[in-house]
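Biologist: I would like a close look at a single part of this model, followed outward to whatever surrounds it. Please take the time to connect the details as you go.

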Amino acid sequence: AECHTERTCMPMIPRPTLRPRRAVSESSTVHHHRRRRLSNTTGIPITDTDSVLDSRVVKANYVADEMLPGGETEHIEFKSCVERIPCGKNNKDAPCFAARQIKEKIAKYIVAFLNTFGGAILFGVEDDGRVTGCELKESDRTAITKCIDVVVQAIDPQVDAGTVRHRFAPISSAGDDEYSCGNGKYVVVIMVLQSRQQPAYYTSANTLESFMRRAESVYQLDQSLVVQREDEFRARGRMLHRTW
């Protein structure tokens with residue numbers, strides 16, 4: 001029965017306040033899922049929680065002619081190292097075509113991934129994801145390692161050690177062919193962590209050459225966007241570092 005007057009109704013006894021059970025939010029579930037992905041993958045993290053490189057694509061070894069899933073993305077770039085003319089034919093000490101390709105292309109791709117969301121460049125993979133490999137002599141592998149070191153050291157502002165890493169991932173069941181310039185085939189994997197310690201990174205000091213990654217392509221970073229990034233950076237009370 002409803003209570004109509006204070007004289008006829010019993011005093012209302014307040015219910016005890018129950019401490020609500022802690023709800024698991026969607027964000028915490030996603031965060032937990034992302035942590036699990038980070039711990040179970042051999043790929044490197046792009047950021048702590050946002051994404052990782054697909055471990056089916058970025059891995060320690062490959063099989064000749066296997067098809068890597070997913071294709072090129074914002075985080076993945078494939079580069080062929082197949083040359084139609086045998087490299088080193090006239091000069092056994094000449095740099096292999098693959099080594100020349102890597103030397104010519106890595107600077108802008110490393111800077112683009114630094115300026116965007118991180119990623120990996122895989123030399124020795126065709127645009128459709130087929131693994132063809134780079135045939136590299138030991139001297140080529142040494143030259144590529146030195147080249148990567150030089151490129152990373154030239155980046156301005158300076159990046160932390162470990163931001164750019166690489167590996168020569170061997171390819172199994174790879175036979176000799178007319179393009180052979182050595183005894184071993186590899187996928188050269190260059191992995192770049194996203195870096196937000198500075199608003200923009202350049203290929204070297206005293207230059208405005210900077211790049212960004214958008215979808216599957218690399219673009220010159222427009223200076224108006226650089227200025228916008230720098231203004232936002234200063235607004236957060238952080239200091240810009242450049243050598244000029």
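Biologist: Which residues of H3 are buried?

Modeller: Please bear in mind throughout that this is a predicted model. The buried residues of H3 are Asp140, Ile144, Cys147, Ile148, Val151 and Val152, and because they cover an arc of only 130° around the axis, they sit on the same side of the helix. The general background is that an α-helix has 3.6 residues a turn, so residues three or four places apart point the same way. On the face of H3 turned away from that buried side are the exposed residues Glu138, Lys146, Val150 and Gln153. The helix itself runs over residues 138–154, and its 17 residues reach 25 Å from the first C-alpha to the last, which is close to the 24 Å expected at 1.5 Å a residue.

As for what the buried side meets, its residues pack against helix H2 (97–115) and against three strands, E4 (134–135), E5 (164–172) and E6 (185–192). Valine 188 gives a detailed view of this packing, for, leaving aside its neighbours within four places in sequence, valine 188 is in contact with Ile144, and also with Ile102, Ile121, Leu122, Phe123, Cys134, Leu136, Arg167 and Phe168.

Val188 also belongs to the largest nonpolar core, which has 28 residues, and is listed there among those with the most contacts inside it, together with Ile106, Ile110, Ile121, Phe123 and Ile190. The elements that give two or more residues to this core are H2, E3, H3 and E6, and H2 gives the most, with nine residues. A second, separate core of 16 residues includes Leu53, Leu68, Val131 and Ile171. In soluble globular proteins, nonpolar side chains tend to be buried together.

Two of the strands that H3 packs against, E5 and E6, are also joined by an aromatic pair, and the count of such pairs comes to one. The rings of phenylalanine 168 and tyrosine 186 have their centres 6.3 Å apart and their planes at 75°, so the pair is edge-to-face. Since phenylalanine 168 lies in E5 and tyrosine 186 in E6, the pair ties together parts that are 18 residues apart in sequence. Phenylalanine 168 is partly exposed, with a relative accessible area of 21%, whereas tyrosine 186 is buried, with a relative accessible area of 16%; the cut-off for buried is under 20%.

The loops around these elements deserve a careful look as well. In the loop between H3 and E5 lies proline 157, and the peptide bond leading to proline 157 from aspartate 156 is cis, with omega near 0°. In the loop between H2 and strand E3 (119–123) lies glycine 118, which counts as buried at 0% relative accessibility. Glycine 118 and threonine 163 are 45 residues apart in sequence and 9.5 Å apart in space, C-alpha to C-alpha.

Beyond E6, the loop between E6 and strand E7 (211–214) holds asparagine 206, a residue other than glycine whose phi has a positive value, near 60°. Asparagine 206 is exposed, with a relative accessible area of 64%. Alanine 215, in the loop between E7 and strand E8 (217–220), likewise has a positive phi, near 55°, and is partly exposed, with a relative accessible area of 47%. Lastly, arginine 214 lies over the face of tyrosine 219, at 4.6 Å from the ring centre.

Notes
Residues numbered from 1 in each chain as written. Predicted model: local features only at pLDDT ≥ 70, side-chain atom pairs only at ≥ 80, totals over all residues. Heavy atoms only, no water. Helix = DSSP H or I, 4+ residues; strand = E, 2+ residues; numbered from the N terminus. Expected span 1.5 Å × (residues − 1). Buried < 20%, exposed > 50% of the residue type's maximum accessible area, 1.4 Å probe, protein only. Arc of directions from axis to C-beta. Contact = heavy atoms within 4.5 Å. Phe/Tyr/Trp six-rings, centres within 6.5 Å; stacked < 30°, edge-to-face > 60°. Lys NZ or Arg CZ within 6 Å of the ring centre and 35° of its normal. Core = buried A, V, L, I, M, F, W, Y, C linked by side-chain atoms within 4.5 Å.
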